[in-house]
Amino acid sequence: MISLVLNRLRYGEKSTLGQLLTAKGLFLSWMLERGPGPNRRGIDRIPAGEYALARPFKDANGNWEMGWAKRLNQPVVEIVGVPDRSLILCHPANTYGQLKGCLAPGVRHTRGEDGEYSVWSSRDAFAKVNPYLLAAADAGERLLITDETP
């Protein structure tokens, strides 16, 4: 079952801006991704499609295994099932250059003089969005990513 939808709305050459919504249409956050491309790991945004969500695991000592979960000291959801890709996370970031194929939430967005999008207050947006992502992962629900024609 799909519980979250990422609608991509605006495109720069190296960045993509979208809205994360619940399946019922409730706006949760702006979302920033890298620009389009042939699905290269760490370079391109992931292809539009329907994906499972998964929680990170803790090691035997109770530490988070994934880097962002360690850095934030809390679980960070992984988007799984993307062909030829892994470790695609939703984590705080403000510019496309801070992303390696992951997604970053933001409270507001801007478009720079270079035509690229950025999000603001990403940590605040992450605090709002992460509980929805974790609940969806725990329930076995999915994320739908859609492209609007630029």
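A salt bridge here is a side-chain nitrogen of Lys or Arg within 4 Å of a carboxyl oxygen of Asp or Glu. The model is predicted: local features need pLDDT of at least 70, side-chain atom pairs count only at pLDDT 80 or more, and totals for chains, interfaces and linings use all residues. Residues are numbered from 1 along each chain as its sequence is written, and side-chain values use heavy atoms, with hydrogens and water left out.

**Exercise 1. Trace the salt bridges that involve Asp-147.**

Solution.
Step 1. Arg-45 pairs with Asp-147; their closest N and O atoms are 3.5 Å apart. Arg-45 sits in the loop between S3 and strand S4 (49-54) and Asp-147 in strand S10, so this bridge ties together parts 102 residues apart in sequence. Strands (E, at least two residues) and helices (H or I, at least four) are DSSP runs, numbered from the N terminus.
Step 2. Asp-147 also bridges to Arg-8, with closest N and O atoms 3.1 Å apart. That pair joins strand S10 (residues 142-147) to strand S1, 139 residues apart.

**Exercise 2. Extend the trace from Arg-8 and state the network.**

Solution.
Step 1. Arg-8 forms a salt bridge with Glu-33, at 2.7 Å between the closest N and O atoms. Strand S1 (residues 2-11) holds Arg-8 and strand S3 (residues 27-34) holds Glu-33, 25 residues apart.
Step 2. Arg-8, Glu-33, Arg-45 and Asp-147 are thus linked in a network of salt bridges. The whole structure has 6 salt bridges.

**Exercise 3. Classify the network residues as buried, partly exposed or exposed.**

Solution.
Step 1. Set the cut-offs: buried is under 20% relative accessible area, exposed is over 50%, and partly exposed lies in between (1.4 Å probe, protein chains only).
Step 2. Arg-8 is buried, at 0%. Arg-45 is buried too, at 11%. Glu-33 is also buried.
Step 3. Asp-147 has 39% relative accessibility, so it counts as partly exposed.

**Exercise 4. Which residues have the most contacts inside the largest nonpolar core?**

Solution.
Step 1. A nonpolar core is a set of buried Ala, Val, Leu, Ile, Met, Phe, Trp, Tyr and Cys residues joined through side-chain atoms within 4.5 Å.
Step 2. The largest one has 21 residues, and Leu-4, Leu-20, Leu-53, Ile-79 and Leu-143 have the most contacts inside it.
Step 3. S1, S3, S4, helix H2 (122-138) and S10 each give two or more residues to this core. H2 gives the most, with 5 residues.
Step 4. Check Leu-143. Beyond its neighbours within four places in sequence, its contacts (heavy atoms within 4.5 Å) include Leu-4, Leu-20, Leu-53 and Ile-79.
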